[in-house]
Amino acid sequence: MEKYEPNKKCVVMSRDEVRAVDRWAIDTLGIHGVVLMENAGRSCAELIKEKLGNITKPKVCIFCGTGNNGGDGYVTARHLLNGGFKVSVVIVGDRDKVKGDAKINLDILERIGQPIEQMSLDEGDIPDRVRTFAAGADMLVDGLFGTGLSGRLSDEYKQLIESINAQNRPVLAIDIPSGLDCDSGQPLGAAIKASWTVTFVAVKKGFTFPGAAQYTGEVFVASIGVEPAERISDLSGESD
């Protein structure tokens with residue numbers, strides 16, 4: 001992984017360019033999405049291990065959405081468990097919506113005996129439930145939303161994100177802080193305030209704008225197994 005510095009030359013991608021890279025890796029190169037997810041989650045776990053390396057028996061609480069960002073969270077959880085961490089995994093939303101590569105990694109977690117918590121935002125008391133899940137954690141992990149998020153967050157998700165921010169614990173965001181627009185770097189009503197963001201392939205366009213750093217914290221760019229830098233101009237011109 002390489003740490004992003006604003007004054008250092010780096011590859012920057014928009015939301016559409018990120019999607020094009022994923023399609024290129026899967027459809028053209030033939031790399032299965034579950035492999036990309038494995039590489040992403042492992043990178044997150046590596047940084048967490050580094051940041052919590054001086055803590056005995058560290059505990060991490062991972063909040064996972066129902067999409068691929070949550071899938072990255074399940075992989076992160078597995079690698080932390082393998083490293084001796086105590087891990088709490090919370091699915092936010094309808095578990096039945098977890099599909100594809102994310103479902104594969106959720107199933108693996110359960111087969112190795114990891115309990116999975118469930119959080120429905122319709123049940124109220126969001127701040128109290130976040131506080132309960134986060135109790136005793138040395139770090140929280142944001143695996144709620146990825147780069148595809150657009151439009152204003154619902155009141156329930158705003159409250160969820162604000163409740164996570166209120167825990168006064170370091171937060172690692174997977175790929176992008178949930179609630180932050182990938183292209184503008186502006187919160188969509190609310191956004192996770194991360195201590196660190198592990199982003200994949202390239203720095204996201206929104207991270208380069210003034211004010212974004214208060215949400216991203218330190219940004220680390222991790223490889224998912226392909227290096228498309230030399231093909232970005234070609235990829236960005238491909239149709240969706």
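## Terms and model

Helices and strands are here taken as DSSP runs, with at least four residues for a helix and at least two for a strand, and they are numbered from the N terminus. With that naming in hand, Pro-187 can be placed in the loop between β7 and β8. The structure described in this report is a predicted model, and the sections below go from its sheet to its helices, its largest pocket and three single residues.

## The sheet

Eight strands form an open sheet in the order β1-β10-β8-β7-β6-β3-β4-β5, and the pairing within this sheet is mixed. At its edges stand β1, which covers residues 2–3, and β5, which covers residues 116–119, and each of these edge strands pairs on one side only.

Two of the pairings can be followed at the level of residues. Strand β7 (residues 171–174) runs parallel to strand β8 (residues 196–200), and three bridges join them, with Leu-172 standing opposite Trp-196 in β8. Strands β3 and β4 also pair in the parallel sense, over six bridges, and in this case Ile-62 stands opposite Val-89 in β4.

## Helices across the sheet

Helix α2, made of residues 33–51, lies across β3 (59–64), β6 (139–143), β7, β8 and β10 (218–222), and this helix runs at about 155° to β8. Helix α5, made of residues 126–134, lies across β3, β4 (86–92), β5 and β6, and it runs at about 170° to β5.

## The largest pocket

The largest pocket holds about 620 Å³ of space. Its lining is made up of 27 residues, and those that lie nearest its centre are Asp-22, Asn-68, Asp-72, Thr-147 and Asp-175. The elements that contribute two or more residues to this lining are α1 (15–28), α2 and α3 (68–82), and α1 gives the most, with five residues. When the lining residues are sorted by character, 13 are nonpolar, eight are polar and six are charged.

## Ser-88 in strand β4

Ser-88 is found in strand β4, and because its relative accessibility is 13%, this residue counts as buried. The strand around Ser-88 fits the same description for the most part: six of the seven residues of β4 are buried, so β4 is largely enclosed by the rest of the structure. When neighbours within four places in sequence are left aside, the residues in contact with Ser-88 are Lys-59, Val-60, Cys-61, Ile-62, Gln-114, Glu-117 and Phe-133.

## Gly-33 and Pro-187

Gly-33 lies in helix α2, and its relative accessible area of 17% is the reason why this residue is called buried, given that the term applies under 20%. Apart from neighbours within four places in sequence, Gly-33 is in contact with Ile-26 and Asp-101. Although Gly-33 and Ala-102 are 69 residues apart along the chain, their C-alpha atoms are separated by 9.5 Å.

Pro-187, in the loop between β7 and β8, has a relative accessible area of 23% and is therefore partly exposed. With neighbours within four places in sequence again left aside, Pro-187 is in contact with Arg-152, Gly-179, Leu-180 and Tyr-215. The C-alpha atoms of Pro-187 and Gly-151 are separated by 10.0 Å, while the two residues are 36 residues apart along the chain.

Definitions and conventions
Residues are numbered from 1 along each chain as its sequence is written. This is a predicted model: local features need pLDDT of at least 70, side-chain atom pairs count only at pLDDT 80 or more; totals for chains, interfaces and linings use all residues. Side-chain values use heavy atoms; hydrogens and water are left out. Two strands pair if DSSP finds at least two bridges between them. Contact means heavy atoms within 4.5 Å. Axes are lines fitted to C-alpha atoms, for helices over the stretch in contact, and angles run from 0 to 180 degrees between N-to-C directions. On a 1 Å grid over the protein atoms alone, a cavity is a set of points where a 1.4 Å probe fits but cannot get out, and a pocket is an open set with protein on both sides within 12 Å along at least five of seven lines; lining residues have an atom within 4 Å of a point. Grid points are joined across faces, edges and corners, and a volume is the space filled by probe spheres set on the points. Ala, Val, Leu, Ile, Met, Phe, Trp, Tyr, Cys and Pro count as nonpolar, Asp, Glu, Lys and Arg as charged, and the others, Gly among them, as polar. Buried means under 20% relative accessible area, exposed over 50%, partly exposed in between (1.4 Å probe, protein chains only).
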